[in-house]
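Reader: Please take a close look at the largest pocket with me, and set out in full what lines it.

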Amino acid sequence: MLERVGLQPVLAKRYPHELSGGQRQRVAIARALITHPKFVVFDEAVSALDVSVEAQILNLIRELQAEAGFAALFISHDLTAVRYVAVRIAVMYAGEIVEAATAETLYGRGLHPYTRGLQAASDLIDDENARLADASEEVAPEGCPLTPRCPIATEKCGLEHPALRQIGETLVACHHPEGPAGHA
Ligand code: SF4
């Protein structure tokens, strides 16, 4: 199993502090796959790694998945990593799924203002990303939690919680998924 994740078996005798971050992540993957699971959760699997090691681990996950055929749930704040590994993406805000679609559809045309904001912010700076993701401001429970930060919020947004609904190939929870021109 160690060889399968790109490690020399001799490393089995080492303690965790004698391994690099990338090696420890490979050990974690080996440990998860040794029972031949049908479903694996990768929870922030690359968040503590530097960019070059992150790319190696993402490639490894893709290779192992193609080889072993397990289903995978990849949880991450890193949009670049998500785009690289995911077939279908669900975007969450304040503990709820606000948009879900195939990676191709979502990156081609995200409908939810939070999705669009995240994609724009990922090209900008981390502060902007953090501001958008900040769900700490109090919102009436019956309203949309993004209301204080949403650039296209209307009065309806503060009063009515948007339900997840199907628009084309996308599931989206927003009163105005088409943007300002689509206000209803
Ligand atoms: S429901 Fe309103 S506040 Fe919430 S994301 Fe849509 S437009 Fe913005």
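Author: In this predicted model, the residues that line the largest pocket divide into 25 nonpolar, six polar and three charged (Ala, Val, Leu, Ile, Met, Phe, Trp, Tyr, Cys and Pro count as nonpolar, Asp, Glu, Lys and Arg as charged, the others, Gly among them, as polar). The lining comprises 34 residues, and Phe74, Ile75, Ser76, Val82 and Ala90 lie nearest the centre of the pocket. On a 1 Å grid over the protein atoms alone, a pocket is an open set of points with protein on both sides within 12 Å along at least five of seven lines, a cavity is a set where a 1.4 Å probe fits but cannot get out, and lining residues have an atom within 4 Å of a point. The volume of the largest pocket, taken as the space filled by probe spheres set on the points, is about 940 Å³.

Several helices and strands share in this lining (DSSP runs of at least four and at least two residues respectively, numbered from the N terminus). At least two residues each come from helix H2, helix H3 (79–85), helix H4 (103–108), helix H5 (113–122) and helix H6 (126–133). Strand E2 (71–75), strand E3 (88–93) and strand E4 (96–102) likewise each supply at least two residues of the lining. Of the contributors, E3 gives the most, with six residues.

The pocket may be set beside the enclosed spaces. A search of the whole structure finds two cavities of 30 Å³ or more. The largest cavity has a volume of about 70 Å³, and 13 residues line it. Nearest its centre lie Pro113 and four cysteines, namely Cys144, Cys150, Cys157 and Cys174. By class, nine residues of this lining are nonpolar and four are polar, with no charged residues.

The second largest cavity has a volume of about 60 Å³. Its lining includes Tyr93, Glu96, Val98 and His112, together with Cys144, Pro145 and Leu146. His161, Pro162 and Ala173 also line this second largest cavity. Here the classes are seven nonpolar, two polar and one charged.

Residues are numbered from 1 along each chain as its sequence is written. Local features need pLDDT of at least 70 and side-chain atom pairs count only at pLDDT 80 or more, while totals for chains, interfaces and linings use all residues; side-chain values use heavy atoms, without hydrogens and water.
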